[in-house]
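Biologist: I should like to learn how the features of a model are read. May we take them one at a time, with the general idea before the case?

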Amino acid sequence: MPLWHGVGMGNMVWRVLGTGAAVVAGIVANKTVDTVWQKAGKDKNADPENPYTPIGEALALAVVSAAAAALAKTLFTRKAAEYYEQSAGHLPRPMLDKEEAAREA
């Protein structure tokens, strides 16, 4: 029997796993963007919110940052869900609920 067999415990475990995945994804995305930005020869201290940063550079950094964050969060959350499924024998309840709602629509 899995450690978090109960429904309440399963939800708590998924919240921890999901939140942890999002935090790690954010850290990885930021480090990746910083590295890529520097290798592209861009100012590592560029601040997209600063009006003295050229608008093109600010928008490019914002787009790259958002894409990296979304990609990392998706990949890390999927891995966390796979781990949860292997341990608990089913996907996390929020994912199951979304699947059911999609089937009913």
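Modeller: Let us begin with burial. A residue is called buried under 20% relative accessible area, exposed over 50%, and partly exposed in between, with a 1.4 Å probe and protein chains only. Thr 77 counts as buried because its relative accessibility is 17%. Please note that this is a predicted model, in which local features need pLDDT of at least 70 and side-chain atom pairs count only at pLDDT 80 or more, while totals for chains, interfaces and linings use all residues. Residues are numbered from 1 along each chain as its sequence is written, and side-chain values use heavy atoms, with hydrogens and water left out.

Biologist: In which helix does Thr 77 lie, and which residues does Thr 77 touch?

Modeller: Helices are DSSP runs of H or I with at least four residues, strands are runs of E with at least two, and both are numbered from the N terminus. Thr 77 belongs to helix α2, residues 55-88. A contact means heavy atoms within 4.5 Å. Leaving aside residues up to four places away in sequence, Thr 77 touches Trp 14, Ala 21 and Met 95.

Biologist: What does Trp 14 touch?

Modeller: With residues up to four places away in sequence again not counted, the partners of Trp 14 include Thr 77, Ala 80, Ala 81, Tyr 84 and Pro 92.

Biologist: How is a nonpolar core recognised, and which residues form the largest nonpolar core?

Modeller: In soluble globular proteins, nonpolar side chains tend to be buried together. A nonpolar core is a set of buried Ala, Val, Leu, Ile, Met, Phe, Trp, Tyr and Cys residues joined through side-chain atoms within 4.5 Å. Here the largest has nine residues, namely Val 13, Trp 14, Ala 21, Ala 80, Ala 81, Tyr 84, Ala 88, Leu 91 and Leu 96. Helices α1 and α2 each supply at least two residues of this core, and the largest share, four residues, comes from α2. Apart from this core lies another, of eight residues, among them Ala 25, Ala 29, Trp 37 and Ala 46.

Biologist: How many helices and strands does the protein have, and what is its radius of gyration?

Modeller: The protein has three helices and zero strands, in the sequence pattern α-α-α. The radius of gyration is taken over C-alpha atoms, and the globule rule is 2.2 Å times the number of residues to the power 0.38. For 105 residues a compact globule would have a value near 13 Å, but the protein has 19 Å. Along the principal axes, its C-alpha atoms fill a box of roughly 55 × 35 × 20 Å.
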